[in-house]
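Hi,

Here is the structure I promised to pass on to you. Have a look at it first, and then read on for what turned up.

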Amino acid sequence: MEQRLPLLFLLAGDLVLSLAAVSAAFGMSGEAAFGDEGDALDYGVRVALFAAVMIVSSFFVELYSMERASGRKEAFVRVLTALVISFFVLSAGYYLIPSVTLGRGVLLFSLLVFGALQFLWRIGYRQLLSISGFARRVLILGTGPLANQIGSVLSATNQHYILTGYVTCPSEPVFVPAHTIVGNDSGLAEAAKLQRAHKIVISLSERRGVFPYKDVLSCKFSGIEVVDAPSFYEQVTGKLLIENILPSWFIFSSGFRITFFKKAVKRVFDIAFSVAGLAAAAPLFPLIAAIIKIDSPGPVFFRQTRVGRGERDFVLYKFRTMRSDAEQRTGAVWAQKDDPRVTKAGRILRKSRLDELPQLYNVLKGDMAFVGPRPERPEFVEKLKRVIPYYSERHSIKPGVTGWAQIKYPYGASVEDAIEKLRYDLFYIKHLSLFLDLLIILETIKVVLFGRGGR
């Protein structure tokens, strides 16, 4: 809940601003807000529609992203983009349902006022993060590579955390700036008191023989939250720090509990979405098939063996986007940026993700889910299992058409990319829920609209 507070705060602020913007616009235009009949309910519906469109547009231009802080120029561009999107969406809505219109003059005033207020709100929000009482002051125990990594992640996010410093221990290497080390002589408990820390993140390179358990206990009983580095990294980034996680962390950690009820709900969700998706996409299939056949010789559909739940192989279906002899000489290889094997039509299909449509049939069959880790080829899975810890664990659930890793990380074509994606996949498995699936689908729409990630 704590990590969702900044998002809820931003959402609540935008909601209030949208109400204020419409009220101000009516005031400036001199028009009566309630119309001739003084219908407050009708006015409420119009304001609610305006607020909903503004919030959805802001979502699609990443104005609610908690993963990284944006500067003023970036915030201005995003606010402006959201206003343009909102103008067209609201204009279309008013054309279809005239009874909910605000009036052209009021709409333009409302958009301009909301845009100005939202920009100032985003700038003010960054200032709020540094105010005591709102921001959470974090002290890191450790000065080695892990502590440095946690400090870097903390500084780069849009969360309500402030790094107050690092506390070192005997034999701990120093990888952080010297001026950020606090409490050299006083110890952890005194440093936490002096820095008014709300949270201590245990990030020692080696705990054996040096862990200051008395000081940590003292901090814990004085009301300071104590977490280990992997848990804090997960809270802030939405992925797991797999290289610093022991098997015991998985065993005793909350989450990773996929009950029969969760499986049943997810399956019903998959069937409903795949049937609706196939019905909606059916008119596109003949058109895409014709484009593929005209563009290059070979079959329309592409069949490939992938690894599914329990590491059982299944046949995945896609529209063909590469030459039919793409791997004749090289064998199994990942697609690269500007891959010459991709056809002209294939490049468009990959960018728009239309090549994935046939996988709805895999979802309906039960080979895949709508949301889950992307299925890899058996050749790559065997290789990745040998070099990446916990890689097999991503096969504990069905693979998906889209997933947490796909919306958070661009297309990967290396072992390093596979490691990064595994961090997200394991986070998804830990927190699997219908709400997270819906959030991933909304984020996937953004990825498709802005053409991110495809190769």
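Below are notes on one helix, the aromatic pairs and the salt bridges.

Please keep in mind that this is a predicted model.

**Helix α14**

I started with helix α14, which spans residues 378–387 and has F380, V381 and L384 as its buried residues. Looking down the axis of α14, you will find these buried residues within an arc of 100°, so they line one face of the helix. An α-helix has 3.6 residues a turn, so residues three or four places apart point the same way. And what do the buried residues of α14 pack against? Their partners are β5 (301–307) and α16 (415–430).

**Aromatic pairs**

The count of aromatic pairs comes to 16. Take W121 and Y125: their ring centres are 6.2 Å apart and the planes stand at 70°, so the pair is edge-to-face, given that angles over 60 degrees count as such. Helix α4 (residues 104–128) holds both W121 and Y125, which sit four residues apart, about one turn of the helix. Are these two residues, W121 and Y125, buried or exposed? Both are buried.

Another edge-to-face pair is formed by Y161 and F232, with 5.2 Å from centre to centre and 65° between the planes. Y161 belongs to strand β2 (residues 161–167) and F232 to helix α8 (residues 229–237), so this pair ties together parts that are 71 residues apart in sequence. Y161 and F232 are buried as well.

There is also a cluster to look at in your viewer: ring pairs link W249, F250, F256 and Y390.

**Salt bridges**

The salt bridges also come to a count of 16. Here are three of them that I looked at one by one.

In the pair of D355 and K318, the closest N and O atoms are 3.4 Å apart. D355 lies in the loop between α12 (344–352) and α13 (359–365), while K318 is in strand β6 (residues 313–319), so the salt bridge ties together parts that are 37 residues apart in sequence. How does burial look at the two ends? D355 has a relative accessible area of 2%, so this residue is buried, the cut-off being under 20%. K318 has a relative accessible area of 10% and is buried too.

R341 and D339 also meet through their side chains in a salt bridge, at 2.8 Å from N to O. R341 counts as buried at 8% relative accessibility, and D339 counts as buried at 5%.

The third salt bridge joins R374 and E356, whose closest N and O atoms are 3.3 Å apart. This pair links distant parts of the chain, 18 residues apart: R374 is in the loop between β7 (369–371) and α14, and E356 is in the loop between α12 and α13. With 14% relative accessibility, R374 counts as buried, and E356 is buried with a relative accessible area of 15%.

Which residues are linked in a network of salt bridges? K239, E243, E420 and R423 are.

If you would like to begin somewhere, the loop between α12 and α13 appears twice in these notes: D355 lies there, and E356 does too.

Happy to go through any of this with you.

Best wishes

Note on methods. Residues numbered from 1 in each chain as written. Predicted model: local features only at pLDDT ≥ 70, side-chain atom pairs only at ≥ 80, totals over all residues. Heavy atoms only, no water. Buried < 20%, exposed > 50% of the residue type's maximum accessible area, 1.4 Å probe, protein only. Helix = DSSP H or I, 4+ residues; strand = E, 2+ residues; numbered from the N terminus. Arc of directions from axis to C-beta. Contact = heavy atoms within 4.5 Å. Phe/Tyr/Trp six-rings, centres within 6.5 Å; stacked < 30°, edge-to-face > 60°. Salt bridge = Lys/Arg side-chain N within 4 Å of Asp/Glu carboxyl O.
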